[in-house]
Structures are given as structure tokens and as C-alpha cells.
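The exercises below ask you to read a fold from its strands and helices, each with a solution worked in steps. Please keep the structure in view as you go.

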Amino acid sequence: MKTPCQSIESSIIKKFRREIWRPFVQAMQEFRMVEEGDQVAVCISGGKDSMLLAKCMQEIQRHGNVDFGLKFLVMDPGYNPANRRLIEENARLMEIPIQVVDSDIFDTVADIRENPCYLCARMRRGFLYAHAREMGCNKIALGHHFNDAIETTLMGILYGGQFNTMMPKLHSTNFPGMELIRPLYYVREEAILAWKDHNGLRFLQCACRFTEQIAREREARGEAADAADIVHTSKRQEVKELIAALRKNNPSVENNILKSAKNVNLDICLGYVSRGVRHHFMDRYEEGAARGDGADT
């Protein structure tokens with residue numbers, strides 16, 4: 001008889017092979033996310049995405065053809081005891097040997113009113129890089145998935161006035177020699193939710209004090225106080241709902257958003273930035289005339 005952990009692992013490889021395992025392996029191979037001798041710190045927040053990532057990384061380490069090391073890093077930025085306990089219980093259930101490191105990030109951003117989430121995310125990222133390096137790792141793995149990538153692209157266009165994508169891997173600018181990888185890049189959120197429900201798992205959603213405070217305030221006003229409902233008020237949730245509406249008439253809309261990031265034609269862009277230098281299409285417009293470039297040729 002299988003243990004709970006064995007059932008969870010088996011579901012990734014078998015039941016959700018098409019939805020989770022294959023796209024996970026595709027991203028790992030296409031973007032060469034791990035190489036011989038790498039030491040990877042899988043960063044676990046306690047949510048469904050990072051916990052699934054941890055299991056996928058364990059499985060590919062066991063059954064793949066690349067020899068690399070794994071560490072499982074949990075940063076506690078100041079969770080309340082119940083949230084930390086849930087992470088530890090899930091790690092035991094799923095047989096993930098986590099290393100928990102405490103920080104005071106929640107305390108640091110507690111009184112910040114402007115962009116507290118942005119500041120918190122940057123501080124957490126820096127903390128993870130620093131401790132992963134101390135653990136002897138040269139890469140950190142984060143649990144961002146397909147939907148995160150396309151939502152980020154669309155958010156940049158609609159709210160930021162720029163075309164940026166969430167890259168599958170990056171070199172760190174502040175920690176030379178360190179890289180960030182996103183192995184769930186092709187895995188859809190709906191598949192992760194289905195995997196979670198199939199195994200009867202319960203994970204953290206958003207456990208920050210900022211969210212908890214909003215929940216308390218809403219509860220006092222007699223409004224919905226669930227953390228998931230709070231996420232529904234964000235710009236990301238607005239984009240998520242927009243994509244869902246567009247998908248009703250165009251089932252390929254999500255794939256097309258991601259494809260657009262692979263098919264950027266710089267010859268017909270008004271401008272772009274490369275290596276920190278901004279380029280305008282007029283800079284090369286006369287060159288195009290000399291070559292005979294144009295829409296009517």
C-alpha cells in the first residue's frame with residue numbers, strides 16, 4: 001500500500017502526466033534550467049505552486065539524466081504560528097526536507113503604505129538569494145507558472161505601458177554567479193489546483209500581515225474576509241478575469257499571449273530597450289528607406 005507521499009508523487013507522474021509532468025520537463029529542457037553539478041535551492045512559500053515545484057524537482061532529480069543537488073529553503077518572514085505549522089506539516093507529509101530560516105521582513109514593511117507588496121517581494125527575493133548562496137547553491141527555483149507569466153505580460157501592457165515578460169530564467173544582478181529559474185513556466189494553474197484537490201491537500205494562500213489586516217478590517221465591516229477574496233481586488237485578478245472572458249470566444253488567447261513574447265518583430269516596433277539603451281524606430285527609419293523596406297513592397 002502506498003504512503004500518502006508516494007500517492008502524491010505518483011499522481012504527478014501518472015494522473016497529471018500531460019498537464020503537469022510533461023510541461024514541467026519541457027521547460028526544464030527547453031530553457032536548460034539545470035546543468036551538471038548545479039546546486040538548486042527550491043524556495044518554498046507554503047503555497048500550492050512552490051510545494052508542487054518541490055515535488056517535481058525531487059522527481060526529476062531521481063529520474064532525470066542530469067546530476068544536480070537540491071536544497072529546500074523556506075523563509076519565514078514572520079508568519080503567524082498556525083501558518084508556519086501548516087508549512088511544516090505539509091513538508092513532512094510530502095517528505096520534503098525543508099530548511100526554515102527566520103527573517104523580520106513582515107515587521108520591516110508593516111508600516112509601509114506605498115507599494116508594501118513590491119517592497120516585500122524585493123526583500124524576500126534578496127533574502128532567498130543570500131541564504132541560497134550561503135547553502136552552497138548557485139540557483140534558486142521559484143514556483144511561478146504559465147498563468148503568472150501571461151498575466152505579467154498583459155499587466156505590463158495594460159497598467160505599465162510596457163511589454164515585459166516574466167522570463168523562465170534570469171541571471172541575478174545583485175548576486176553574481178546566481179541564477180533564478182522557473183521550472184513550472186509551462187504548467188497551468190488549473191492543473192495545479194486539480195492536483196491539489198485530487199490529493200486532498202491544503203496549502204497557504206496569502207499569509208502576509210498586510211492581507212491579514214485587510215481581512216480583519218473587512219470582517220469588522222461585515223464583508224468577505226477570506227484571503228482569496230482579497231486577491232480578487234488586485235490588478236492581477238482583474239487581468240485573470242479579463243483573460244478568462246476572452247478565452248470564451250478565443251480558446252487560444254493564453255497561448256497567443258505567450259507566443260507574442262517569442263515573436264517580437266523589432267523592425268515594426270515603435271521602440272524598444274536593449275541592454276539599458278532605449279531605441280526609437282525613427283533612429284533606423286531612413287536606413288529602411290534606403291533598403292526599400294516598407295508595407296507596400
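Two strands count as paired if DSSP finds at least two bridges between them. The model is a predicted one.

**Exercise 1.** Describe the hairpin of S7 and S8, and state which residue between its strands takes a positive phi.

*Solution.* Begin with the pairing: strand S7 (residues 271-274) and strand S8 (residues 277-280) run antiparallel and are joined by four bridges, which satisfies the requirement of at least two. Next, fix the register, in which Gly 271 has His 280 of S8 as its bridge partner. Finally, turn to the two residues between the strands, where Arg 275 takes a positive phi near 55 degrees.

**Exercise 2.** Work out the strand order of the open sheet of six strands, and explain why S3 and S5 stand at its edges.

*Solution.* Reading across the sheet, the order is S3-S2-S1-S4-S6-S5, and the pairing is mixed. Strand S3 (98-102) and strand S5 (169-171) each have a single partner strand, so one side of each is left without a neighbour in the sheet. From one strand to the next, the twist averages 25 degrees. As an example of a parallel pair within this order, take strand S4 (residues 139-141) and strand S6 (residues 179-181), which are linked by three bridges; here Lys 139 is partnered by Glu 179 of S6.

**Exercise 3.** Identify which strands H3 and H4 touch where they pack on the sheet, and give the angles of the two helices to S1 and S3 respectively.

*Solution.* H3 touches strand S1 (39-44), strand S2 (69-76) and S4, and its direction makes about 155 degrees with that of S1. Helix H4 (residues 81-93) touches S2 and S3, with an angle of about 165 degrees between its direction and that of S3.

**Exercise 4.** Classify the packing of H2 against H3 by angle, and then characterise the residues that make the contact.

*Solution.* The axes of helix H2 (residues 17-30) and helix H3 (residues 48-63) lie 11 Å apart at an angle of about 70 degrees. Because angles of 65 to 115 degrees count as roughly perpendicular, H2 is roughly perpendicular to H3. The contact is made by Ile 20, Trp 21, Phe 24, Val 25 and Met 28 of H2, which meet Leu 52, Cys 56, Met 57, Glu 59 and Ile 60 of H3. Sorted by class, the contact comprises nine nonpolar residues, no polar ones and one charged residue.

**Exercise 5.** State how many helices and strands the chain contains, and what share of its residues is buried.

*Solution.* The chain has 13 helices and eight strands, and 42% of its 297 residues are buried.

How values were computed. Residues numbered from 1 in each chain as written. Predicted model: local features only at pLDDT ≥ 70, side-chain atom pairs only at ≥ 80, totals over all residues. Heavy atoms only, no water. Axes fitted to C-alpha atoms, helices over the stretch in contact; angles between N-to-C directions. Parallel < 35°, antiparallel > 145°, perpendicular 65-115°, else oblique. Contact = heavy atoms within 4.5 Å. Nonpolar A, V, L, I, M, F, W, Y, C, P; charged D, E, K, R; others polar. Buried < 20%, exposed > 50% of the residue type's maximum accessible area, 1.4 Å probe, protein only.
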